[in-house]
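Visitor: Got a minute to walk me through this one? I'd like the overall picture, then some details.

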Amino acid sequence: MTARELDAAGVSDPSLRRAYETCRRLNARHGRTYFLATRLLPLDRRSAVHALYGFARHADDIVDDLGDASPTERARALDALEAQWHGALRGEPVTEPSVAAAADARARYAIAPRHFDDFLGSMRSDLFVRDYPTYGDLCGYMHGSAAVIGLQMVPVLGTVVPREEAEPYAAALGIAFQLTNFIRDVGEDLDRGRVYLPAELLAASGVDRELLQWSRLTGCRDRRITAALRAAGALTRDVYREAEPGIALLDPVSAPCVRTAFLLYREILDVIEEQGFAVVHRRAVVGKRRRAALALLGFTHAWTARTKRRGPRGGPASDGAAPAAGHRPAAPGRRRNKGDYTRGDVR
């Protein structure tokens, strides 16, 4: 399947194909929900999504999974990644596969470079910032860590309206996904010394870091923590409602992918509620049967959209729809030279 995706995307350079393949493996291994939803995209758009995920995952692993490395050592590793990224934008050769693939995807879809800079800025803050006093403070962090991921995706997915009309919804959906992760991962984040839920939200229910740590260490429940997590869940559901209308603005062949991701991530909140907001002690996981049911629904919608786009007997779209705004498929077999990495910047 990887070769078919790369062929459809017009990626022919052998080293670049290997870089994309590395990113696809990262997505399959670590981003199960994200990878499942990506399978609903047309073949030619999947590789770019894998590349964007791979770059984000690599940066995140530097922050969270470098063993006993100190914050200073992690910062140096991020500096090195950022230097390679900017070198790739200038057309310089790079050794990190996720950088090579993401830089190529950025160029193919004219993704604004500032979105990657904002992302790296938020990753850097994770090295030293341990909590967020207000929701506004957290939103500043989530712009770089989550909203820009949605903004990176918009050109790849394509839209039926001018791109800027869809971007606020995409940013909101990225934030909804991340808030869901913050609630699900409260216990694991505590182990890393971080509390992402805003202090003001926790304090409204009488919760602070010390109470969360006590609950994590002892395994004891506390109704105040449950109330705070319930409030965080309600806030997150509000953001999902804000983001949902944007799905209809996407290219119809991409919308089932995003709709499925939307449903799968929101289902995590349902499971957290069903388990009594016990996330301080254990990670909530959506069961395979529920995931499969949502995925099947997504595949059905994706197949219907592609059939309509092809029209009868594989011909043109029967509804006369114009190509989606913002989607620029690569020419088959096209090989990019160094200068291509600096074209089409959107700032």
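Guide: We can start with the overall make-up and then go to single helices and residues.

Visitor: Is this experimental or predicted?

Guide: This is a predicted model.

Visitor: OK. How many helices and how many strands?

Guide: The protein has 15 helices and 0 strands.

Visitor: What share of the residues is buried?

Guide: Of 347 residues, 52% count as buried. The exposed surface comes to about 15600 Å². Carbon and sulfur atoms supply 54% of that.

Visitor: And what about contacts over long stretches of sequence?

Guide: Take the contacts between residues at least 6 apart in sequence. Of those, 71% join residues at least 24 apart.

Visitor: Let's go inside. How many residues are in the largest nonpolar core?

Guide: That core has 96 residues. Phe55, Leu78 and Leu229 have the most contacts inside it. Helix H14, residues 255–274, gives the largest share, with 12 residues. In general, nonpolar side chains of soluble globular proteins tend to be buried together.

Visitor: What does Leu78 touch, beyond its sequence neighbours?

Guide: Leaving aside residues within four places, Leu78 is in contact with Ala59, Ile62, Val63, Leu120, Met123, Arg124 and Leu127.

Visitor: Leu78 is in H5, and Leu120 is in H7. How do the axes of those two helices cross?

Guide: H5 covers residues 71–89 and H7 covers 113–125. Their axes come within 11 Å and cross at roughly 175°. An angle over 145 degrees counts as roughly antiparallel, so that is how H5 runs to H7.

Visitor: Which residues meet there?

Guide: From H5, Ala75, Leu78, Asp79, Leu81, Glu82, Trp85, His86 and Leu89. From H7, Pro113, Phe116, Asp117, Leu120, Met123 and Arg124. By class, the contact has 9 nonpolar, 1 polar and 4 charged residues.

Visitor: Phe119 is in H7 too. Buried or exposed?

Guide: Phe119 is buried, because its relative accessible area is 4%, and the cut-off for buried is under 20%. Outside its sequence neighbours up to four places away, Phe119 touches Phe55, Ala56, Ala59, Gly144, Ser145, Val148 and Ile149. Phe55 is one of the residues with the most contacts inside the core.

Visitor: How many residues separate Phe119 and Ile149 along the chain?

Guide: They are 30 residues apart. Their C-alpha atoms are separated by 7.9 Å.

Visitor: Another helix pair. How do H2 and H6 cross?

Guide: The axes of H2, residues 14–30, and H6 come within 8 Å. They cross at roughly 105°, so H2 and H6 are roughly perpendicular to each other.

Visitor: And what is in that contact?

Guide: H2 brings Leu16, Ala19, Tyr20, Thr22 and Cys23. H6 brings Pro97, Ser98, Ala100, Ala101, Asp104, Ala105 and Arg108. The class count is 8 nonpolar, 2 polar and 2 charged.

Visitor: Which helix holds Ser47?

Guide: Ser47 is in helix H4, residues 43–64. At 3% relative accessibility, Ser47 counts as buried. Not counting residues up to four places away, Ser47 touches Glu5, Leu6 and Tyr20. Tyr20 is also one of the H2 residues that meet H6.

Visitor: Switching to backbone. Which residue has a positive phi of about 50°?

Guide: Ala110 does, although it is not a glycine. Most residues other than glycine have a negative phi. Ala110 lies in the loop between H6 and H7. At 7% relative accessibility, Ala110 counts as buried.

Visitor: And Phe277, where is that?

Guide: Phe277 is in the loop between H14 and H15. Its phi is near 55°, again a positive value in a residue other than glycine. Phe277 is buried, with a relative accessible area of 5%.

Visitor: One more loop. Where does Val160 lie?

Guide: Val160 lies between H8 and H9. Val160 is partly exposed, at 48% relative accessible area. Beyond four places in sequence, Val160 touches Ala248, Leu249, Leu250, Asp251 and Pro252.

Visitor: How many residues apart are Val160 and Ala248?

Guide: They are 88 residues apart in sequence and 8.5 Å apart in space, C-alpha to C-alpha.

Methods: Residues numbered from 1 in each chain as written. Predicted model: local features only at pLDDT ≥ 70, side-chain atom pairs only at ≥ 80, totals over all residues. Heavy atoms only, no water. Core = buried A, V, L, I, M, F, W, Y, C linked by side-chain atoms within 4.5 Å. Buried < 20%, exposed > 50% of the residue type's maximum accessible area, 1.4 Å probe, protein only. Helix = DSSP H or I, 4+ residues; strand = E, 2+ residues; numbered from the N terminus. Contact = heavy atoms within 4.5 Å. Areas by Shrake-Rupley, 256 points an atom, 1.4 Å probe, with all protein chains shown as cover. Axes fitted to C-alpha atoms, helices over the stretch in contact; angles between N-to-C directions. Parallel < 35°, antiparallel > 145°, perpendicular 65-115°, else oblique. Nonpolar A, V, L, I, M, F, W, Y, C, P; charged D, E, K, R; others polar.
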